[in-house]
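Q: I have a sequence and a 3D model open. How do I read the fold from contacts, strands and burial?

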Amino acid sequence: MPLKFVYFFVISRGLFITVHDRGHIASILQNWPEKDIKAVCVTDGERILGLGDLGCHGMGIPVGKLALYTACGGMPPQQCLPVMLDVGTDNEALLKDPLYIGLRHKRVRGQAYDELIDEFMKAVSDRYGMDCLIQFEDFANTNAFRLLSKYRNKYCTFNDDIQGTAAVAVAGLLAALRITKSKMSNHTIVFQGAGEAAMGIAELISMAMEKEGLSKTESLKKIWMVDSKGLIVKGRDHLTHEKQRFAHEHPQMKNLEDAVRDLKPTAIIGVAAVAGAFSEQIIRDMASFNQRPIIFALSNPTSKAECTAEQCYTFTEGRGIFASGSPFDAVTLPDGRTFYPGQGNNAYIFPGVGLGVTACALRNITEDVFLTAAEALADLVTEKDLAEGRLYPPLSSIREVSLKLAAKIMDYAYDHKMATLRPEPSDKEAHVRSICYSTDYDDFTVDSYQWPEDCMTVQSCKL
């Protein structure tokens, strides 16, 4: 759908702001018809899913994310604003496409780009308040980390690709610990990929290990990453600041298969959108040195998944603990056992986080908020879910899941004096339910409606 989004452009479903609108963003926001905005989802379209630079086609992502805020989290739709920051595109196919509606030039970077983001953040907060949530979505790695670092303590903001993905992955790991009967700090984890998602998940795993008593230094030593150039180790050339934190003393290795065989991890997590990265050999190796190997193929869409659920369960003889970023059908093995793989979808996290943050008027969102959300989500997984292969609650219960997460986040916020809503609600869950959007309609039938006297025929109707 993102690849074709702008070709179905009929009416505006979001706000387009271009780099040439600098100096006028505040007045552009004034033109949006809704004045009470609680959540903004913004993208610049540079790294849409695993599809790359889609320019203005990227508007489908904030539109879709905020639709999930409503469907999964109960956020009133009129309080949600999707935004596309159009700074151009480096996608040559789009630049040559006569139907492309975005700016027809290469991406603007550097000072002009930063000034646009600065002005946008200030304009949103001036217009809608400092507690208006601003969710960054599908920005390229080069911008995602630095923008999060720049704004996280100044505005009510988070990056879903970094922090939302982290929380849902860690929730799955916490649920898996109930199967392996172990602590997070007992595990060694290898990532296929070292981008936004990998860094976010690794940071939250490290926090969970610290909570169990491990030092920061020791927790980082249990996390390894493999990128396009191989295993990230000390002394390797051209490592970014983020990658250097996970570079350990070890001989260089060029591929994931060698790294898995040498490091013997208890868990592998794929977040690089490299289809088939978890080969049969890797999965069988994981099963050879783990009684219950943890295999998370989190890349999406489905065509980019590191392995399928069937491959995981088949090559591990049903011992694999599997989660994916895309949906997979149930798998029945030759011995008759059936597994229902859990989808580690960010929709389990960001709607609940958004609901909780707005419900208590948080002005800054810390990493602890996401660890709280991950723990709350893992607690909602039942023993029956685990027995069937699920590491997440059924998606059919997502609305209730979001409510529970929001209430837990409110508890945390008030306990740590972060919430600004006063007075503090005595029943957090009841408060969250009271502000949720309902799709139920009041009774409205022709028989029950009292028609005006001058509207008894089609010809005389003045309504």
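Q: What share of the contacts in the chain with a separation of 6 or more comes from residues 24 or more positions apart?
A: Start with separation along the sequence. In this predicted model, residues 24 or more positions apart account for 70% of the contacts with a separation of 6 or more.

Q: How does the radius of gyration compare with the globule rule?
A: Begin with the inventory: the chain holds 17 helices and 14 strands. Its radius of gyration is 24 Å, and the globule rule gives 23 Å for 463 residues, so the chain is as compact as a globular protein of that length. Along the principal axes, the C-alpha atoms fill a box of roughly 80 × 50 × 45 Å.

Q: What percentage of the residues of the chain count as buried?
A: Buried means under 20% relative accessible area. By that cut-off, 56% of the 463 residues count as buried. The accessible surface of the chain comes to about 20,400 Å². Carbon and sulfur atoms own 52% of that surface.

Q: Now the sheets. What is the strand order in the open sheet of five strands?
A: Read a sheet by order, then by pairing sense. Here the order is 1-3-2-4-5, and the pairing is parallel. Strand 1 and strand 5 (157-159) are the edges, and each pairs on one side only. From one strand to the next, the twist averages 25°.

Q: Which bridges hold strand 3 to strand 1 and strand 2?
A: Take each neighbour in turn. Strand 1 (residues 15-18) runs parallel to strand 3 and is joined to it by four bridges. In that pairing, Ile17 has Leu85 as its partner. Strand 2 (residues 39-43) also pairs with strand 3 in the parallel sense, over five bridges. There, Val42 has Val83 as its bridge partner.

Q: What is the handedness of the crossover from strand 2 to strand 3?
A: Follow the chain between the two strands. From strand 2 the chain passes through helix 2 (residues 60-73) to strand 3. This β-α-β crossover is right-handed.

Q: What stands opposite Val42 in strand 4?
A: Phe136 of strand 4 stands opposite Val42. Four bridges join strand 2 to strand 4 (residues 133-136), and the two strands run parallel. Val42 thus links to the earlier pairing too, with Val83 as its partner in strand 3.

Q: Is strand 3 mostly covered or mostly open?
A: The general idea first: in a regular strand the side chains alternate between the two faces of the sheet. Then check each face. In strand 3 (residues 80-86), seven of the seven residues are buried. One face carries Cys80, Pro82, Met84 and Asp86, all buried. The other carries Leu81, Val83 and Leu85, also all buried.

Q: Which strands does helix 5 lie across?
A: For a helix on a sheet, read the strands it touches, then the angle. Helix 5 (residues 141-151) lies across strand 4 and strand 5. Helix 5 runs at about 160° to strand 5.

Q: What is the strand order in the open sheet of seven strands?
A: Use the same reading. The order is 8-7-6-9-10-11-14, and the pairing is mixed. Its edge strands are strand 8 (230-231) and strand 14 (342-343), each pairing on one side only. Strand 14 pairs with strand 11 (residues 321-324) in the parallel sense, over two bridges. Ala323 has Gly342 as its bridge partner in strand 14.

Q: Which strands of that sheet does helix 6 touch?
A: Helix 6 (residues 160-180) packs on the sheet and touches strand 9 (267-270), strand 10 (294-297) and strand 11. Its direction makes about 155° with that of strand 10.

How values were computed: Residues numbered from 1 in each chain as written. Heavy atoms only, no water. Buried < 20%, exposed > 50% of the residue type's maximum accessible area, 1.4 Å probe, protein only. Pairing = 2+ DSSP bridges. Right-handed = clockwise from strand over helix to strand, strands pointing away. Contact = heavy atoms within 4.5 Å. Axes fitted to C-alpha atoms, helices over the stretch in contact; angles between N-to-C directions. Rg over C-alpha atoms; globule rule 2.2 N^0.38 Å. Areas by Shrake-Rupley, 256 points an atom, 1.4 Å probe, with all protein chains shown as cover.
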